[in-house]
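The exercises below are to be worked with the sequence and the coordinates open side by side. Each one sets a task and then goes through a solution in steps.

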Amino acid sequence: MFLVDTICNMKSHSIYDTLERLSNLLRTDARGKGSEYGLQPIQLEALHYLSLCNRFSDTPMAVTEYLGQTKGTVSQTLKVLEKKGYLRKQPDDNDKRLTHLKITDDGLALLKALIPTPLFTNGCKSLTNKAQTEIDNALKQLLVAIMKSNKMKSFGACHSCYHNEKRTDGYFCTLVKKPLSIEDIRLICREHKEIA
Ligand code: SF4
């Protein structure tokens, strides 16, 4: 048992070291690219999140939860993005306390130009499709394991969600009690609950 624990420990150290090196590379690269547009990494990260999340998850609170930052930091971040014209606020149709954050065309063009950065795509291009698929699957598996074992919000998509119900006329979310479009089901959600 001691030997198994030691081997697991060594593997987790190795995975951690590799991911840390990758994170540093990507963050440094993103910092450089973002600064060309006067943006901090966190501002780019918030904009990127808003391009990935569904219509139930595009609120300041969801951005705060996803980025793991304070409300104050996220509020400042969103103000900068709005001022630069990369996002706009939109009140919820039914609940006036809710504000949605919508990416503008300029914001989408910026993300297209910056994410993923050439540093990353060049590296990926040098790998086979099979290797890219294996890495993608393994990283997703690790992400789910970290989220689950630490009881964190999973921010997954509808296809792996407990609340997603397949009906004869399409998909339906039993939590928000709304039909889901094809667009909805490919985006990430703050209410996502992994199927057990
Ligand atoms: S099915 Fe799950 S992931 Fe999809 S909208 Fe509903 S709660 Fe969110």
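**Exercise 1.** In this predicted model, identify which residues of the largest nonpolar core touch the most other members, and establish where the core lies with respect to the domains.

*Solution.* Begin with the membership: the largest nonpolar core holds 22 residues, and those that touch the most other members are Ala-46, Leu-47, Leu-50, Val-63, Leu-78, Leu-81 and Leu-87. Next, assign the core to secondary structure, where α2 (41–52), α3 (60–67) and α4 (71–83) are the elements that give two or more residues to it. Of these contributions, the one from α2, with 4 residues, is the largest share. Finally, turn to the domains: because domain 1 (2–151) and domain 2 (153–196) both give residues to this core, it lies between them.

**Exercise 2.** List the contacts of Leu-47 that are not with neighbours within four places in sequence.

*Solution.* Once those neighbours are left aside, the residues in contact with Leu-47 are Leu-81, Tyr-86, Leu-87, Ile-103, Gly-107 and Leu-111.

**Exercise 3.** Describe how α2 and α4 are arranged, and which residues bring them together.

*Solution.* Start from the geometry: the two axes, of α2 and of α4, come within 10 Å and cross at roughly 80°. Since angles of 65 to 115 degrees count as roughly perpendicular, α2 is roughly perpendicular to α4. Then read off the residues, with Ile-42, Gln-43, Ala-46 and Leu-47 on the α2 side meeting Val-74, Thr-77, Leu-78, Val-80 and Leu-81 on the α4 side. Sorted by class, this contact of α2 with α4 comprises 7 nonpolar and 2 polar residues, and no charged ones.

**Exercise 4.** Find where the cis peptide bond from Ile-115 to Pro-116 sits in the chain.

*Solution.* The bond from Ile-115 to Pro-116 is cis, its omega being near -10°. Its second residue, Pro-116, belongs to the loop between α5 (105–114) and α6 (118–125).

**Exercise 5.** For Phe-155 and Lys-177, give phi, the loop and the degree of exposure.

*Solution.* Take Phe-155 to begin with: although it is not a glycine, its phi is positive, at about 50°, and it lies in the loop between α7 (129–149) and β3 (164–167). With 19 other C-beta atoms within 10 Å, Phe-155 is partly exposed, given that 20 or more would be needed for a buried residue. Lys-177, likewise a residue other than glycine, has a positive phi near 55° and is found in the loop between β4 (170–173) and β5 (178–180). Lys-177 has 8 other C-beta atoms within 10 Å and is therefore exposed.

Key
Residues are numbered from 1 along each chain as its sequence is written. This is a predicted model: local features need pLDDT of at least 70, side-chain atom pairs count only at pLDDT 80 or more; totals for chains, interfaces and linings use all residues. A nonpolar core is a set of buried Ala, Val, Leu, Ile, Met, Phe, Trp, Tyr and Cys residues joined through C-beta atoms within 7 Å. A residue is buried if 20 or more other C-beta atoms lie within 10 Å of its own, exposed if 12 or fewer, and partly exposed in between; C-beta atoms are placed from the backbone. Domain bounds come from an automatic or database domain assignment. Two residues are in contact if their C-beta atoms, placed from the backbone, lie within 7 Å. Axes are lines fitted to C-alpha atoms, for helices over the stretch in contact, and angles run from 0 to 180 degrees between N-to-C directions. Angles under 35 degrees count as roughly parallel, over 145 as roughly antiparallel, 65 to 115 as roughly perpendicular and the rest as oblique. Ala, Val, Leu, Ile, Met, Phe, Trp, Tyr, Cys and Pro count as nonpolar, Asp, Glu, Lys and Arg as charged, and the others, Gly among them, as polar.
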